Each structure stands twice: as structure tokens, then as C-alpha cells.
Amino acid sequence: MKFIHIKILFLVFVFFLFGELKCQEYPVHTITNGIVTAQIYLPDQDKGFYKATRFDWSGIIGSLIYQGIDYFGQWYSKHNPRVNDAISGPVEEFNEIGYECIEDEDEFLKIGIGGLRKSNNEQYDRFKLYEIINPGEWIVERTGRKVVFRHLIKDVSGYSYCYTKCVELTVGIPELLITHTLKNTGRKVIKTKVYNHNFLTIGHLFTDSNVVVTFPENIVKSISDNKNRILNIDKNRVGFTRAIFPNESVMVMNINDNPVAGSIIVENEKLKAGVEITSDARYSTIHFWASERTCCPEPYINIELFPRQEIDWSFKYVFYVK
């Protein structure tokens with residue numbers, strides 16, 4: 001029995017050591033408020049954890065630990081910085097801007113990434129890796145509790161902006177605050193949508209019947225994709241009838257068609273651990289996606305900015321263990 005305990009402790013040590021070494025492969029900054037500790041990857045064209053062209057490069061959370069439970073982390077089998085989905089944390093994707101109005105080989109805009117080259121006059125594909133021809137300028141400020149990212153883009157086919165994201169742990173409570181400001185500094189109107197993918201991996205356990213997601217209000221009206229009857233729907237609560245298998249996923253589109261506000265709660269009932277997510281912006285819609293090791297409520301926000309206008313929005317994450 002003593003040998004088994006020693007072996008378990010050794011495996012735990014190796015697991016944490018491997019995770020720490022893995023983070024050190026890429027530019028990373030650790031923040032803590034003494035209650036929650038998080039590792040934040042930093043944007044870097046050469047050495048960055050993420051160098052693909054789907055998600056915003058700022059605010060990627062490689063790990064967030066509260067009371068020994070990790071809420072964010074790798075949910076896929078193998079990491080490659082050039083793979084569009086190889087990312088973790090409450091990351092965001094902005095819709096492409098200006099793609100349909102340019103010729104082949106011209107550049108279009110993805111906020112948080114830069115100017116990308118259009119190729120072969122094909123329809124835009126978020127899963128395709130595009131060439132970055134105008135990465136803009138990243139300015140990063142780091143302290144013990146927060147990281148501030150500022151991305152400056154000048155003249156991507158007439159679009160320019162200053163985009164600021166702050167990832168901060170609140171003093172004295174298990175809370176993460178992510179705030180954004182987007183200012184249109186160009187001559188064209190910036191019209192896009194942004195959604196937060198929320199790659200939650202509570203305890204790095206499988207997505208199964210222990211996982212429950214509660215959406216604001218009774219908004220789950222119809223399920224267009226309930227593969228193999230995996231989902232268990234009860235008004236505004238979505239659960240699972242069984243574990244999701246490897247290489248299997250489930251997607252729910254347009255949970256609501258009208259703007260909605262309120263909390264989204266994701267909980268693993270086995271661990272008695274969860275997180276409550278709120279925003280100061282009304283969601284234009286909410287999608288939901290889950291796979292073997294991640295559970296992702298995806299709230300969308302519409303953005304339309306005329307030159308010199310700016311918009312602010314934020315997300316608050318409150319972590320708990322019952």
C-alpha cells in the first residue's frame with residue numbers, strides 16, 4: 001500500500017513538472033491573487049504558443065487553478081502552434097472583415113491577428129491557415145495579478161484599430177476579469193461579430209453525465225444537432241446522457257435568436273466544482289459545442305464601429321468548489 005501511495009505521488013509530480021516544462025517552451029507569464037493562479041501565454045510571431053489565424057492571439061490561458069482544480073488547459077491530443085484549434089482558455093474569435101470586397105492576394109482583417117492574404121478567391125474558411133502579411137504591433141504590460149495586451153493595426157485595406165484586452169485576477173476572491181476595448185482608428189466602418197469559445201476543462205475530466213451547463217433564462221428551444229442523443233435538455237439546463245467518445249463532438253446552433261443577458265454556469269457535479277460566467281454586454285446569440293475533454297458555451301456579441309468610435313465589453317468568471 002505504501003508503494004502505491006509513493007507511485008501516485010510520483011505520477012502527480014511528473015504531471016505537474018511536465019505541464020510546467022511545456023509552458024516554458026513558449027513565452028508565458030504567471031499571475032496570482034493568492035487564491036487563483038493562472039498561466040497566460042504571450043503573443044509572439046516566432047516562439048508563441050499560438051501562431052494560427054482563427055483566434056485572437058491575446059489572453060490565451062494555458063492553466064487556471066483554484067483549490068487544486070485546473071479549469072482551463074489542453075483539450076486536444078497534440079499541440080502545434082500552427083493549427084487553428086490548438087488553443088486553450090476563454091479565447092475569442094472575430095469574424096473576418098473585408099474579405100468579400102477584395103481581390104485575390106489582397107489582405108483582409110482578423111482582429112487580434114492582423115492582415116491576412118486572400119488566396120484562390122475561395123470562400124473564407126476559419127479552419128484554413130492564412131498567410132499573415134501585416135501582424136501589426138503587440139504591446140504587453142505584465143504585473144503580478146494581470147496582463148494587458150494592446151494590438152495596433154494600421155491600414156489593412158483601409159481598416160485600422162487599437163485593440164486592448166486585460167486579463168486580471170480580482171483581489172481577495174476567486175474571480176477572473178477579462179476586459180476589452182476596441183477603437184476604430186481607420187477610415188472604414190468595422191462591422192463584425194465576436195464570440196468567446198470558453199474551452200473549459202474542469203479538472204481535465206471527460207465530458208460526461210457529471211457536466212451540466214445552465215444558460216440564462218429558458219432559452220433552449222430546439223436542438224438541431226443532438227448526435228446519438230448525447231444531450232439531455234431540461235429548459236435552460238444542458239447535460240449529457242453519456243461520455244462523449246474520442247473524435248466525437250456535439251454542436252447546438254442559435255440557442256436563442258434574441259439578445260439575452262445573464263449568467264452561464266458550467267459545473268462538474270462529480271468534483272462539485274464550477275464557474276459562473278457573466279458579461280456586461282447582451283449576447284446576440286449563444287452557441288454550444290462540446291467534445292471529449294472540453295465543454296464550450298459560446299456567447300456572441302455584435303460590433304459596428306464608425307471611424308473614431310470605440311466599444312468596451314467584459315467577461316467575469318467566478319470559480320467555486322462546493
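# A predicted chain rich in strands

Ser-160 is buried, because its relative accessibility is 9% and buried means under 20% relative accessible area (exposed means over 50%, partly exposed in between; 1.4 Å probe, protein chains only). This is a predicted model, in which local features need pLDDT of at least 70 and side-chain atom pairs count only at pLDDT 80 or more, while totals for chains, interfaces and linings use all residues. Residues are numbered from 1 along each chain as its sequence is written, and side-chain values use heavy atoms, with hydrogens and water left out.

Ser-160 lies in strand E11. Helices (H or I, at least four residues) and strands (E, at least two) are DSSP runs, numbered from the N terminus. The side chain of Ser-160 makes a polar contact with the backbone nitrogen of Asp-155 at 2.7 Å. A polar contact is a pair of N or O atoms within 3.5 Å; within protein, one must be able to donate a hydrogen and the other to accept it, and residues adjacent in sequence count only if both atoms are side-chain atoms. Setting aside neighbours within four places in sequence, the residues in contact with Ser-160 include Lys-183, Asn-184, Thr-185 and Ile-190. Contact means heavy atoms within 4.5 Å.

The protein chain as a whole has one helix and 22 strands. Of its 322 residues, 51% are buried. Among contacts between residues at least 6 apart in sequence, 63% join residues at least 24 apart. The chain exposes about 15,300 Å², and carbon and sulfur atoms supply 52% of that area. Such areas come from the Shrake-Rupley method with a 1.4 Å probe; for residues, only the protein chains shown count as cover.

Strand E13 (residues 190–196) has five buried residues out of seven, so the rest of the structure largely encloses E13. Two strands pair if DSSP finds at least two bridges between them. E13 pairs in the antiparallel sense with strand E5 (residues 92–94) over three bridges, and Phe-94 has Val-194 in E13 as its bridge partner. E13 also pairs in the antiparallel sense with strand E21 (residues 294–305), over six bridges. Here Lys-191 stands opposite Glu-304 of E21.

A nonpolar core is a set of buried Ala, Val, Leu, Ile, Met, Phe, Trp, Tyr and Cys residues joined through side-chain atoms within 4.5 Å. The largest one has 60 residues, of which Tyr-71, Phe-240, Phe-288 and Trp-313 touch the most other members. Strand E11 (residues 159–169) gives this core its largest share, five residues. A second, separate core has 26 residues, among them Tyr-26, Ala-86, Tyr-99 and Tyr-130. In soluble globular proteins, nonpolar side chains tend to be buried together.

Three residues can be set side by side.

| Residue | Location | Relative accessible area |
|---|---|---|
| Ser-160 | strand E11 | 9%, buried |
| Val-266 | strand E18 (residues 264–268) | 1%, buried |
| Asn-120 | loop between strand E7 (114–117) and strand E8 (132–134) | 55%, exposed |

Which residue lies 4.5 Å from Val-266, C-alpha to C-alpha? This is Val-213, 53 residues apart from Val-266 in sequence. Not counting residues up to four places away in sequence, Val-266 touches residues including Leu-200, Val-212, Val-213, Cys-295 and Tyr-320.

Asn-120, leaving aside neighbours within four places in sequence, is in contact with Asp-104 and Lys-128. The C-alpha atoms of Asn-120 and Glu-105 are 7.8 Å apart, with the two residues 15 apart along the chain.
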